[in-house]
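Grab a pencil and work through these exercises with the model open beside you. Each one sets a task and then walks through a solution.

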Amino acid sequence: MNIQWKTPHHLTAGLAALALTLGTNTALAEPKGYKIDDEHFSATFEVNHLGYAPVIGMFLEGKGQFEYDAEARDIPSGKVVIQSASVFSNHEKRDEHLRKDDFLHSDRYPEITFEVTDFESTGENTGKLTGDLTLLGETHPVTLDITLNKAGEYPIGHEEYTLGVSASTTIERSQWGMTYALDPLMVGDEVHLRFEFEAIEDNGWF
């Protein structure tokens, strides 16, 4: 005896609505654009001096934007540009030297850029962000440790959806041809970089 099962009409309609809802959610799960808030952006560096103590400095001018897919925990693209002449280490003569060709050569290379090439999620709010760092006209890959500190509508001011991000890495400046004072060792080769910023949702840039 053949028995043919028939799905009740109301169940069929319900399944169709569910499929439509899932399809809509999938379509909405796309990367969103974010622009770094220049009022909440800090880019610092730390390098050893003569073995006595690290010198800590920062760059005062920078901007950037990126895409972030919260559902996939992915950063498909992004770019940060820092003005090399904005270097500040709380010592005027040292900062003047840092801008010259021994170090940043700001007249010839006014911009330091980082462009995203890959992202690997390592946890609910952490990941490894890889990109091309261009400094002194040379480009090499760099991987940063990323932490998403907070995400949500900003409680004051612009009230837009905002991400709070921390990022850090260590590079060897000699890889980019910055070899001044390495022999004899006066200024360390390793440079510890740290970035702290807030980024505001802005889908108009891409």
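**Before you start**

This is a predicted model, so to speak of local features we need pLDDT of at least 70, side-chain atom pairs count only at pLDDT 80 or more, and totals for chains, interfaces and linings use all residues. Residues are numbered from 1 along each chain as its sequence is written, and side-chain values use heavy atoms, with hydrogens and water left out.

**Exercise 1. Find the aromatic cluster, then take one aromatic pair apart.**

Step 1. Start with the cluster: Tyr34, Phe41, Phe66, Tyr68 and Phe197 belong to one aromatic cluster. The rule behind it pairs rings of Phe, Tyr and Trp (its six-membered ring) if their centres lie within 6.5 Å; planes under 30 degrees apart are stacked, over 60 edge-to-face, and the rest tilted.

Step 2. Count the pairs: this rule gives 6 aromatic pairs. Phe103 and Tyr180 make an edge-to-face one, at 5.2 Å centre to centre with 75 degrees between the planes.

Step 3. Place the two rings. Phe103 is in the loop between helix 2 (92–99) and strand 6 (111–121), and Tyr180 is in the loop between strand 9 (161–172) and strand 10 (190–201), so this pair ties together parts 77 residues apart in sequence. Helices (H or I, at least four residues) and strands (E, at least two) are DSSP runs, numbered from the N terminus.

Step 4. Check the cover. Phe103 is buried at 8% relative accessibility, while Tyr180 is partly exposed at 36%. Here buried means under 20% relative accessible area, exposed over 50%, and partly exposed in between (1.4 Å probe, protein chains only).

**Exercise 2. Describe the largest nonpolar core and the surroundings of Phe197.**

Step 1. Fix the term: a nonpolar core is a set of buried Ala, Val, Leu, Ile, Met, Phe, Trp, Tyr and Cys residues joined through side-chain atoms within 4.5 Å.

Step 2. Look for the hubs. The largest core has 41 residues, and Phe66, Phe195 and Phe197 touch the most other members.

Step 3. Ask who contributes. Strand 1, strand 2, strand 3 (62–68), strand 6, strand 7, strand 8, strand 9 and strand 10 are the elements that give two or more residues to this core. Strand 1 gives the most, with 6 residues.

Step 4. Zoom in on Phe197. Setting aside neighbours within four places in sequence, Phe197 is in contact (heavy atoms within 4.5 Å) with Ile36, His40, Phe41, Phe66, Leu163, Gly164 and Val165.

**Exercise 3. Track down the backbone oddities.**

Step 1. Look for a cis peptide bond: the one from Asp183 to Pro184 is cis, with omega near 0 degrees. Pro184 sits in the loop between strand 9 and strand 10.

Step 2. Now hunt for positive phi outside glycine. Leu50 has a phi near 60 degrees, and Leu136 has one of about 55 degrees.

Step 3. Place both. Leu50 is in the loop between strand 1 (32–49) and strand 2 (53–59), and Leu136 is in the loop between strand 7 (126–135) and strand 8 (138–153).

Step 4. Buried or partly exposed? Leu50 is partly exposed, at 42% relative accessible area, whereas Leu136 is buried, at 15%.

**Exercise 4. Find the residues that share a nonpolar surface patch with Leu50.**

Step 1. Name them: Leu50, Tyr52 and Met186 make a nonpolar surface patch of about 370 Å². Patch members have over 30% relative accessible area and no salt bridge; like charges are joined within 9 Å, nonpolar side chains (Val, Leu, Ile, Met, Phe, Trp, Tyr) within 5 Å. A salt bridge is a side-chain nitrogen of Lys or Arg within 4 Å of a carboxyl oxygen of Asp or Glu. Accessible areas come from the Shrake-Rupley method with a 1.4 Å probe; for residues, only the protein chains shown count as cover.

Step 2. Inspect Tyr52. This residue lies in the loop between strand 1 and strand 2 and is exposed, at 74% relative accessible area.

**Exercise 5. Examine two buried loop residues, Ser84 and Asp69.**

Step 1. Take Ser84, in the loop between strand 4 (78–83) and strand 5 (87–88). Its relative accessible area is 1%, and its contacts beyond four places in sequence include Phe59, Leu104 and Tyr109.

Step 2. Turn to Asp69, in the loop between strand 3 and strand 4, with 9% relative accessibility. Asp69 and Pro31 are 38 residues apart in sequence, yet 4.0 Å apart in space, C-alpha to C-alpha.
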